[in-house]
Every structure is written in structure tokens, then in C-alpha cells.
There are 2 protein chains.
Amino acid sequence: MELLFSNIQRHISLSEEDKHIISSFWTIKRLNRGEHLLSAGSVCRYDAFVLEGSLKGYITDADTGREEIVFLAVADWWASDLESFHTQHASSLNITAITPATVALISLPAFNELLEKLPKLEKYFRIILQYHVTALLRRIYYRNAHDAKSRYKTFLQQYPALQEQIPQYLIASYLGISAEMLSKIRAQKDL
Amino acid sequence: MELLFSNIQRHISLSEEDKHIISSFWTIKRLNRGEHLLSAGSVCRYDAFVLEGSLKGYITDADTGREEIVFLAVADWWASDLESFHTQHASSLNITAITPATVALISLPAFNELLEKLPKLEKYFRIILQYHVTALLRRIYYRNAHDAKSRYKTFLQQYPALQEQIPQYLIASYLGISAEMLSKIRAQKDL
DNA sequence: CGTCTCGTTGAGAGTTTTCAATGTAAGTGG
DNA sequence: CCACTTACATTGAAAACTCTCAACGAGACG
């Protein structure tokens, strides 16, 4: 939970009282490796903040059964389907623990109540969403403008920590590369 | 300006007084075709809401000089580099009018002051950012999971209006396709 | 051990790009 | 009004990149 506080405090200030209030709205959940936080077809009941471990968000192709990674999340990141969470409509996304993980969960009613009690959190969420949008636009840019090797190199520079926590074939999918291609890229001398 | 109000009112309610306050913080600017709203290397001074016309956000490759479209914006959309706007650091993005355009602009100091005067706008911005994040994740998913033809078909369904307002070679870049490839896809019978 | 997960490697196939040429419509200046 | 430029779209052939498929290897774990 300290991790969430420090994340929030990078953008707005919190009193001990605030932290107390915030804590009361969240529940901690442990996930086994492979356990689902959200399954396609069901509603995203919780917004999740990752405290430990790593998760993948992915879409399974109805025809081929292939998994396409949409996002990866490790400690200090968020992992949920925002649209499904806020509209309470069925999600097309799966979220699953890659490793054993600990997440902090908040339901939509609790989320709304929390924002009413601590309106300054609106600002926090707005700010992290701004960063998120920027990061996603950058990801789209790299996907469109650069080849597989260049994308992988950029990925390593930007998220050096992820390399150790996430299997390569999932990183490949995240980057829009086949697992075999990424393996061949890594075999090249000039990384 | 009415367009901005109706955009906001899709998510939160506004009194006439609110509208009056909001109006006072924005300035209207007309752009000629090809005119820059933001140039790479400079700071994004304004958050822009498009009232008329269409704009492109793109990154120019330093080596090849190629333009890579990062986003397209038409009436009722936002167009800015959020990161540069909020940090006031140099942007790597260009934003240029594709057609003659009218935009509503707000500076960062004005933006912050507006949010202090009308805190409920925090909620509005948080909500539209949530939708934006969802749309960008969907875009990434399609980019990674589907071939050029399928992406174009999905694009036509999702944004039928854009087809008439944006030249094809820019739509191609937006979708991560070469202009020639898109032309060949359109020549196929079974769109 | 035997299985499961994950990574590697190679060959062939497929998609998409690049390059170059051509066409067309719209604007601009004489 | 016409010639000329500019912007955009089309087409074809060759090249480049990436994928698929298939086989194999290595480590973890029960």
C-alpha cells in the first residue's frame, strides 16, 4: 500500500489522514501465477494497482486463439480495462498474473466514493492518465515508424527492468513481433 | 465554442455561469492550411480543441525526413502534446492544419486557473482521458494483431467521417501502412 | 524421469515496402 | 483562358522484412 501512496505523492501531497481514508477503500489480493484478474466477456469490477509481481493484459483472437499482448504491468503500475470499469460493460480484455502477484483493488462504487471524499485525487488520476496517453502515443509511433530490432532496442532502454520480469515471447507480442523474430534479433551481435 | 460545451456536457453538467467562466479562458484561433500549431523542438503552449477543420500530429524522422502520423484530429477532438503542455518541455511532435481550421486554445496557466475555479472540470478531463487511453490501447491492439487490409476496414467502420476529411496518404501513415499499400488495398474488390 | 514452459534455429512463404513511373485534379500566375 | 505547378492517388516490379511452421534444446518442477 505504501507503493500506492508514493505513486500518488509523486503528483499531489497526502496527509496521514488522507492515506488512512485511501487505505480504507482498497482491498489487497494475491494472485497465483496464471490466475485471472479479468476475463474477456465479463465486467471489469476493479481498478487494480500492482504492488508485486507482473500481469499481462491481452486479447484472445476468436478464430485463431492467439493471444495479443495489449499491455504489461509490474509493481507500481495500473492494470485494468478502464472502459469496462467505468461503463460496467463487458470487457474484451483478459488480465492474468504472469508471476505470483499482489494487487490493490478498488470497486467502481468505492472509487466514486473515494473521489468524493478526496476530490484532489481527481487531479492525481487526471495527471497519471495524461502520462499514460503520452506513453501510448509514443508506443504507437515506434510501432509504426521503426522495425522490430529498433523497437526492441528502444524497449530495453525504456524499460530495462521488464526484461527480467517478463518472458521474452510476451515482450515480443507487446512489441508486435513474433517470438521467433525477437529471438533472432537477440542473437545478433550488435544490440 | 458551443462544440466544446456540448463535449463537456456529455460528461458533466454546466450552468450558463460555468460556460461563461470557461469561455473567458479560451481564445479562438484560425489556422490556414499547412499552418503549424506546434513545431517539434518548441514547447506546447496551448491545449487545443478543434472547432472546425482537421489537423495532423506527426513526428519527422531526423534522418530520413519522413513524416509519421501519430494522431489525426477533426472537429470535436483535442489536439496537443499533453506531455509538453504540462511539463513545458520541448515537444518532439508537430501539429499542423491539414485544412483551414479553427481551434480553441488555452494556455497552461489559464488551464490551471480554470480548474481551480471549476474543480468539476477535473472530472471531465479525467473521463475524456480514460476514453482516450482506451481508444489508444485499441489502436495498438489492431496495429499488432491485424494486417493492413483489416486495419483499414476497421478504420472505415470506426471513423467513417474521417475518410472524407483526411487525404489517404495520411490515413495510411496513421494506420501504419504505406500510401501505396493503402491504394492497392482500396483497389481490391472486397472491401 | 517425464512433462511443461520457454527459447532457439532454419527454410520457405507471405506481406509490405521501396522505388519509379504515370495519371489526375485543383490551384496559380501569365 | 491556358500553361504550369503542386498535391495526391495509382500501378508494377523488385527488394526487404517478418511470419509461419517445424524441429530441437534447456531448465524447472512434480
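Biologist: Hello! How many bridges join strand 2 (residues 36-38) of chain A to strand 6 (residues 94-97) of chain A?

Modeller: First, this is a predicted model, where local features need pLDDT of at least 70, side-chain atom pairs count only at pLDDT 80 or more, and totals for chains, interfaces and linings use all residues. Residues are numbered from 1 along each chain as its sequence is written, while chains are lettered from A and ligands numbered from 1 in the order in which they are written. Helices (H or I, at least four residues) and strands (E, at least two) are DSSP runs, numbered from the N terminus, and two strands pair if DSSP finds at least two bridges between them. Strand 2 and strand 6 of chain A run antiparallel, and the number of bridges joining them is two.

Biologist: Which residue of strand 6 of chain A stands opposite A:Tyr58?

Modeller: Strand 4 (residues 54-60) of chain A also runs antiparallel to strand 6 of chain A, with four bridges between them. Opposite A:Tyr58 in strand 6 of chain A stands A:Asn94.

Biologist: Is helix 8 of chain A roughly parallel or roughly perpendicular to helix 9 of chain A?

Modeller: Fitting lines to C-alpha atoms over the stretch in contact, with angles from 0 to 180 degrees between N-to-C directions, the axes of helix 8 (residues 168-175) and helix 9 (residues 179-187) of chain A come within 8 Å and cross at roughly 105 degrees. Angles under 35 degrees count as roughly parallel, over 145 as roughly antiparallel, 65 to 115 as roughly perpendicular and the rest as oblique. Helix 8 of chain A is therefore, relative to helix 9 of chain A, roughly perpendicular.

Biologist: Is B:Met181 buried or partly exposed?

Modeller: B:Met181 belongs to helix 9 (residues 179-187) of chain B. A residue is buried with 20 or more other C-beta atoms within 10 Å of its own, exposed with 12 or fewer, and partly exposed in between, the C-beta atoms being placed from the backbone. Because B:Met181 has 15 C-beta neighbours inside 10 Å, B:Met181 counts as partly exposed.

Biologist: Lovely. Which element of chain B gives the most to the side that touches chain A?

Modeller: Counting two residues as in contact if their C-beta atoms, placed from the backbone, lie within 7 Å, 27 residues of chain B are in contact with 27 residues of chain A. Strand 5 (67-74), helix 3 (82-87) and helix 5 (120-145) of chain B each give two or more residues to that side of chain B. With 17 residues, the element giving the most is helix 5 of chain B.
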